[in-house]
Amino acid sequence: MGCIGCSCSTGKDSVSGCQSNGGCATGGCNRHNTYDWISAIGIQDTKPFDVVEVSFKNGSRKEFFKNPAHSRAMTGDWVLVESASGGYDVGTITLSGELVRMQMKRKRVRNDAKQQAIIRKAHDRDLERLDELRKQERDFMIRARAIARTLDLNMKVGDVEFQGDGRKCTFYYTADGRVDFRELIRHYAREFKVKIEMRQIGARQESARIGGLGNCGRELCCSTWLTEFKSVNTAAARYQNLAINQTKLSGMCGRLKCCLNYELDTYIDALEDFPDKAERIKTRAGLAILIKTDVFKRLMFYTYAEDRGKFYSLHVDQVWEALDLIKQGEIPASLDDILAMAPPPVIEETDEEEQHDYESVDNVIQLPMEKRKKKRKKKRTGRADESLASAVEKAGQADRSRSPQRRGDQRQGGGNRSERPPQQRPDNRQGRPERTPENRPERPPQNRPERPERTPENRPERPPQNRPERPERTPENRPERPPQNRPERPERTPENRPERPPQQQPPAPPRKEGDADSPTQKPGDGSTGGGNRGRDKRRFRGKGPRGGDK
C-alpha cells in the first residue's frame with residue numbers, strides 16, 4: 001500500500017514517510033505498491049527472473065523492464081530506462097524476482113513479450129533534473145487548461161507528466177465524449193516546445209492520479225491499493241439498506257463509492273434466508289407492510305398500512321411460518337398472533353464468566369456527585385452613609401489614637417501588648433453642629449510677599465544672544481541663479497498667428513415702442529439702437545467739449 005503517514009508523525013517536528021513534511025501533492029509517497037516479502041526476508045531465487053517492475057511519478061504509472069546483469073540494480077534503486085518514444089525516463093524499482101512473474105500473469109503480460117531495458121542507475125544530476133521537471137508540471141497544467149478553454153473544448157486537463165529527459169510531456173484529460181484536439185496539440189507544441197502526448201482517462205483514474213482523503217478519514221482506495229475498478233450501481237446500496245442519497249453515496253470522483261462493493265457479498269449471503277415476497281402480509285386486522293430489515297439480527301419490522309403508529313419486529317422464522325399458513329388458506333388474526341407462533345430462539349448464556357487479568361471494580365467504587373456551592377455576593381453595608389469627610393476624619397483619629405500607644409510601648413521596652421485593654425474611641429459625630437455659611441470659620445490670611453509692579457525701569461535686561469553677523473548683500477556678492485531651461489518661444493508673425501474661434505453673439509432682444517425703426521421715434525434724434533440708448537445720448541447732449549448741439 002501507499003504511504004499513509006505522510007501527514008502523521010510520532011515526533012514533534014519531523015514527519016515520517018518521504019520527508020516532505022506534509023507537502024506531498026501527489027497523495028502518497030508511492031502508490032499501488034506490492035509488498036516484496038521475498039526481498040525483505042533475504043531469500044535468493046534459484047532461478048532469478050530478469051524482469052523488474054519500475055514505478056514512475058510515485059506509482060501513478062508502472063511498467064515492466066528487463067534488468068541486465070551489468071546494471072546491478074536492486075529493489076528501491078533509481079534507474080534510467082529506455083523510452084518507447086525515444087530518449088530515456090527515470091523511475092524506481094518497486095518489485096523484482098519471482099513476484100514480478102506473478103504480477104505479469106495478473107496483468108496478462110506475456111513473459112516472452114518484448115520489453116525495454118534498464119540503461120543504468122540514476123545519478124544525482126539525473127534526480128535533480130527530474131525534480132526540476134516535476135516542479136514545472138503544475139504551471140504547465142494551468143496553462144494547458146487556459147488554452148483548452150480559449151478553444152472552447154469540452155475537456156478537463158487533470159494531470160501532466162514529464163519524461164525523465166524533458167523531451168516529452170503527457171497530458172491526461174477527462175471528457176464526456178470524443179474530443180478533436182488536433183488544433184490543441186499545435187498550440188501546446190508552440191507554447192511548451194516539447195513533444196506532446198494526449199491520453200484520455202476516466203473520472204476514477206483521475207482521482208487515482210491526483211489522490212486525496214475520503215470521508216472515512218483515510219486515503220483514497222484508488223490511489224493506494226485498488227487497481228481494478230468494478231462497476232457499482234444503486235442495487236448495492238439497496239441490499240445494504242442504505243438511503244439512496246447521491247451526495248453521501250458519491251466519492252471524490254463524483255461516481256458511486258467503490259467501497260459499496262466491499263461488503264456486498266456478505267449481505268447477499270445473509271439475505272438468502274429471508275423470504276423474497278414478504279413485503280406485504282395479509283391479516284384479519286389489516287394489511288401489514290414491511291418497513292425495514294435488520295440483516296444481521298434476522299429481524300423484519302412490520303406495521304399496519306392504516307395505522308402506522310406501532311412497529312412489530314418479527315423474526316425470519318415467524319415470517320416463514322406466517323407465509324406457509326397463508327398458502328394453506330389460513331389468514332392470521334393479527335401481527336400479535338404471528339409473534340406468538342414461533343418465538344425466536346433464545347441464546348443460552350454460559351455460566352462460565354470471562355476471566356480477566358485485572359480485578360473488577362464494579363459495585364465497589366462509587367464517586368459521589370459533586371455539589372457546586374453558589375458564591376454569594378458580599379453586601380457592602382455602611383458605605384453609602386459615610387461621606388468623604390467623615391472617612392478622612394476617622395482615619396485621622398485612628399492615627400492619633402495609635403501614636404501615643406506606640407510611644408508607650410517603646411518606653412516600656414516592648415511589653416506584652418495583648419494584656420492591655422482595648423481603647424474605646426469617643427463618638428462625637430452626634431453632637432457636632434451642622435455647618436452653614438454663617439458659622440463657617442474664617443481662614444487665616446496667608447503671608448505672601450508683595451510682588452513689585454513691573455515698569456520699564458525695573459524690567460530685567462535680557463542677556464545678549466551670540467548670533468553670527470550676517471554680511472551685507474551687495475550686487476557683487478549676490479549668488480548667481482542657475483539658468484532655467486525654458487523652451488524658446490517662436491516669434492509671432494501674422495503668418496503663424498493662431499486663428500481665433502468665431503464668437504457666438506447673443507440674440508438681440510425684441511424691440512419695443514420707442515425704438516429707432518418704430519413710427520413713434522423722431523427721425524432727428526441720432527439714435528441707432530433701442531430707446532434706452534437714445535435717451536442716454538440726449539442726457540449727455542451739450543456737455544461735451546463743443547458745448548452745443550449738432
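**Figure 1. Arg-61, a buried residue in strand S2****.** In this predicted model, Arg-61 comes out at 16% relative accessibility, and anything under 20% counts as buried, so Arg-61 makes the cut. You'll find Arg-61 in strand S2. Look for its side chain meeting that of Asp-89, where a polar contact of 3.1 Å joins the two. If we skip its neighbours within four places in sequence, Arg-61 is in contact with Val-54, Ser-55, Phe-56, Asp-89, Glu-161, Tyr-172 and Arg-199.

**Figure 2. An open sheet of five strands****.** Read across this sheet and the order goes S2-S1-S4-S3-S5, with antiparallel pairing. Why is one side of S2 and of S5 left without a neighbour in the sheet? Strand S2 (61-66) and strand S5 (118-121) stand at the edges, so each has just a single partner strand. On average, neighbouring strands here are turned by 45 degrees against each other, ignoring direction. Now zoom in on S2 and its partner, strand S1 (residues 51-56): the two pair in the antiparallel sense over six bridges. One pairing to pick out is Val-54, whose bridge partner in S2 is Glu-63. As a reminder, strands of a sheet pair through backbone hydrogen bonds.

**Figure 3. Helices lying across the five-strand sheet****.** Start with helix H2 (residues 98-106), which lies across S1, S2 and strand S4 (88-95). Its direction makes an angle of about 70 degrees with S1. Then find H3, lying across strand S3 (78-82), S4 and S5. H3 runs at about 75 degrees to S3.

**Figure 4. Gln-115, a buried loop residue****.** Follow the chain from H2 towards S5, and in the loop between them sits Gln-115. Is Gln-115 buried or exposed? With a relative accessible area of 17%, Gln-115 is buried. Not counting residues up to four places away in sequence, Gln-115 touches Phe-64, Lys-66, Met-104, Val-109 and Arg-110. Try finding Glu-63 too: Gln-115 and Glu-63 are 52 residues apart in sequence, yet C-alpha to C-alpha they are 9.3 Å apart in space.

**Figure 5. Gly-86 in the loop between S3 and S4****.** Here the residue to spot is Gly-86, which is partly exposed, with a relative accessible area of 32%. Which residues is Gly-86 in contact with, leaving aside its neighbours within four places in sequence? They are Gln-163 and Asp-165. Along the chain, Gly-86 and Asp-165 are 79 residues apart, while their C-alpha atoms are separated by 9.9 Å.

**Figure 6. An open sheet of three strands****.** This sheet has the order S6-S7-S8, with mixed pairing. S6 and S8 stand at the edges with a single partner strand each, so one side of each has no neighbour in the sheet. Ignoring direction, neighbouring strands are turned by 25 degrees against each other on average. S6 and S7 run antiparallel and are joined by six bridges. Among the details to look for, Glu-161 stands opposite Thr-170 in S7. H3, which you met in Figure 3, turns up again: it lies across S6 and S7, running at about 150 degrees to S6.

**Figure 7. The largest nonpolar core****.** This core has 21 residues, and the members touching the most other members are Met-155, Val-157, Phe-171, Tyr-188, Phe-192 and Met-198. At least two residues each come from helix H3 (124-150), strand S6 (156-162), strand S7 (168-174), helix H4 (182-192) and strand S8 (195-200). Which element supplies the largest share? That's H3, with six residues. Zoom in on Phe-171 and, not counting residues up to four places away in sequence, you'll see that it touches residues including Phe-140, Ala-144, Val-157, Tyr-188, Phe-192, Ile-196 and Met-198. A second, separate core has 15 residues, among them Tyr-302, Leu-314, Leu-323 and Ile-338.

**Figure 8. Helix H5, largely enclosed by the rest of the structure****.** Helix H5 (residues 203-210) lies across S6 and S7, and its angle to S6 is about 45 degrees. Six of its eight residues are buried, which is why H5 counts as largely enclosed. Which residues are these? Ala-203, Arg-204, Glu-206, Ser-207, Ala-208 and Arg-209. The buried residues of H5 pack against S6, S7 and helix H6 (221-224). Just after H5 comes Gly-211, which takes a positive phi of about 85 degrees.

How values were computed: Residues are numbered from 1 along each chain as its sequence is written. This is a predicted model: local features need pLDDT of at least 70, side-chain atom pairs count only at pLDDT 80 or more; totals for chains, interfaces and linings use all residues. Side-chain values use heavy atoms; hydrogens and water are left out. A nonpolar core is a set of buried Ala, Val, Leu, Ile, Met, Phe, Trp, Tyr and Cys residues joined through side-chain atoms within 4.5 Å. Buried means under 20% relative accessible area, exposed over 50%, partly exposed in between (1.4 Å probe, protein chains only). Helices (H or I, at least four residues) and strands (E, at least two) are DSSP runs, numbered from the N terminus. Contact means heavy atoms within 4.5 Å. Two strands pair if DSSP finds at least two bridges between them. Axes are lines fitted to C-alpha atoms, for helices over the stretch in contact, and angles run from 0 to 180 degrees between N-to-C directions. A polar contact is a pair of N or O atoms within 3.5 Å; within protein, one must be able to donate a hydrogen and the other to accept it, and residues adjacent in sequence count only if both atoms are side-chain atoms.
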